[in-house]
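Trainee: I'd like to learn how to read a ligand site and the cysteines in a model. Can we walk through one together?

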Amino acid sequence: MSIKYNADTKTFILQTDNSSYLMKISRYKNLLHLYYGRRIKDEDLDYLIRLQDRGFSPNPNEAGNDRTFSLDFLQQEFSTSGKGDYRSPGIELVNSDGSRIFSGKVSSYKIYKGKYCVKGMPSLRAVSKDKVDTLEIHLKDKVTGVEVILGYSVFEEKDIITRTARLVNNGKAPVRLERLMSATVDYRDSDYDLIYFSGRHMMERGFNRVAVENGIHSIGSTRGTSSHQYNPFAIICGKNTDEDRGDCYGYSLVYSGNFIFEAEKDQYGQLRVNMGINPAGFSFVIDEEEEFQAPELVLAFSDKGLTGLSHIYHDAFRENLCRSPYSKKQRPVLINSWEAAYFDFDEERILNIAKSSVDMGVELFVLDDGWFGKRDSDDCSLGDWTVNREKLPDGISGLSEKIHAMGLEFGLWIEPEMVSENSELFRAHPEWCLRAPGRPVTRGRAQLVLDLSREDVCEYLIETINSIVEDARIEYVKWDMNRSISDVWSGLFDKENQGETLHRYVLGLYHIMDEVILKHPEIIFCGCSGGGGRYDPAMLYYQPQIWCSDNTDAINRLKIQYGTSFAYPVNTMESHVSVCPNHQTGRTVPLNTRGIVAMDGILGYELDATKLNDEEKEECRKQVEFFKKHYSLISEGDYYRLTDPYSDRYVCAWQHVSKDKKKALVSLVITDKEGNDCQRYLKLKGLRSDTMYKVSGIKGKYSGALLMSAGIPVSCELREYESQSIVLKAVREK
Ligand code: GLA
């Protein structure tokens, strides 16, 4: 068992191969946090708890005259509320008497084999070879009867502890829940940096590293989706932690709606971390015997630097999260019609593009936006999922047959969560969108959001999407979501329940995805929200790949994919080669570089193939061939960031290494250039020191130790924005 309870010290000990997590029941039955970090023994950590009489730190009633025990400074697993802990809380609620107190004391606990269950939301699951044990601790408020059950599932060999919290109202009156964090972690000190990923539409997941300072550093989303602006992933790490060395803690929330992550340095220089559903605009009435489930948080610790932490998440997301069988299968190389034709196409144009792409080695054609209703621009027809026969006289099934006859598979774009005011659906059901009574609507991309907190809307969408994907031969669906949510108000709820709408929207979305995506495992679903506006683990549970960004500029993509790689495996990032000058930035970059950057993900194309000359098509064909040849190395291997595109102006490089370390692929892009340039070297990573490797483009064979400490030279002949792929193969020693 990876979980033990030591009755002598009243300590819970959770052990993974390389980390330990300890907590203790205090003499007054509060659950105190003791330790999270490098693996230690089952030791008595009482000496770390320093009790002291501190001014303005209240003492619980049970402590009597003992002024040294205060929740104001003790590390806690889940803070009480209104009882003398003034740091940002794990819970906020309003009891039936109007008080806002939750005083949770340990009432019972349970340790069992296997994983806890998270009802209605995606979560990690144990696969056959995993050793997973679970601890559930009940914290009960004796006065109200309300209980919070903390869940910990330990994935022993994966160095992961998943966390969740569930509130159960075992009292005699309803309570109003206004905040329930999935997890809190209290650190004894605050000598840490915080790393988080921020951005905007077309420039997602930028890397930020800041010192933890007094006050609360809070990131999150209030847009209804996990958002382009902040990703639901953050890292707390030591000041000296870098890619290869040092302690770091990862926080990844398996949730696609509003979230919050807080790092609070308190008055005594201690750090509290909270993560969960964003309390802004959130409130849930929990009746007697009812419960509320918080989404899962995936917690990981590594003492092997940021690369070590990334590898933990990559392996767990590939093996324990993604439900699609495609997660482990080779994805077809696709061509998408969006940047090729936008709304301006008919069947002939589409067939011509598809036909031209066959010579490039492309395997799947995706028809993007514009195929339904009267959709010739982005201001109408969302909701009317019937084919536009003027553009496509033989319908989607007719088009799909013609595409299949060329030897290509067929994919289609949909944006089911939205409705245009100029649509049949809106005219029939104006009450189906989110909008508050008596207020003019707020539009985003000229569209409104369907109210997925309503069962009738969800059932309608399940039927509609299922019939779209079943009525034609479709092997791929791009599921888009193109605006931030506003005007939150649902027609079916009383005024007391309006604060439930956005979370119920997310639950509605998961229900639809359960009934559509999980029922069609043969189809590849690609997630999208204006690119990477909903790039989160919950979406990866359903969709094996996500359109990483609407920005296809290869140079901008270096930073976007760099930031994405901290939590998410390469084989989840859809990445396309598009034309130059690039449609988003106007930059011109060689086709070779566009290919190399797109291969740092799931390679695809997004251009009018009829406009490529033979030489360009041949180059694309070679890219596809190269990608397919190295597919398993890229998508299943270990990923190493060799440079940091924020601090290294001249070269951006990364490396894939097979799990057995016999093969590696190094990719590099020249991002800036000077006259009479310096000779630069790239120090490789992840190789076996005593193994000899052949390196493409360099004569001879060299030891892993040498390649990792002296590196390989970056050719001075490469010009700005040019790039190179270098293949390494272990030499079999006789
Ligand atoms: C979003 C997507 C694009 C494209 C358009 C179509 O912006 O991210 O890739 O599908 O919608 O309207």
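Mentor: Sure, let's begin with the shell around the ligand: by class, that shell has four nonpolar, three polar and six charged residues. Here Ala, Val, Leu, Ile, Met, Phe, Trp, Tyr, Cys and Pro count as nonpolar, Asp, Glu, Lys and Arg as charged, and the others, Gly among them, as polar. Keep in mind that this is a predicted model, where local features need pLDDT of at least 70 and side-chain atom pairs pLDDT 80 or more, while totals for chains, interfaces and linings use all residues. Residues are numbered from 1 along each chain as its sequence is written, and side-chain values use heavy atoms, without hydrogens and water.

Trainee: Which residues come nearest to the ligand?

Mentor: A residue is near if one of its heavy atoms lies within 4 Å. Of the 13 around the ligand, Asp368, Asp369, Arg445, Lys478 and Asp550 come nearest.

Trainee: And how do I read the polar contacts?

Mentor: Look for a pair of N or O atoms within 3.5 Å. An N or O atom in the Asp369 side chain is 2.6 Å from a ligand oxygen. For Asp480, a polar side-chain atom lies 3.0 Å from a ligand oxygen, and for Asn482 the distance is 3.1 Å.

Trainee: How many disulfides does a search of the whole structure find?

Mentor: A disulfide is a covalent bond between the sulfur atoms of two cysteines. The cut-off is sulfur atoms within 2.5 Å, and the search finds zero. Take Cys237: the closest cysteine sulfur, in Cys248, is 6.3 Å from its own, too far for a bond.

Key:
A polar contact is a pair of N or O atoms within 3.5 Å; within protein, one must be able to donate a hydrogen and the other to accept it, and residues adjacent in sequence count only if both atoms are side-chain atoms.
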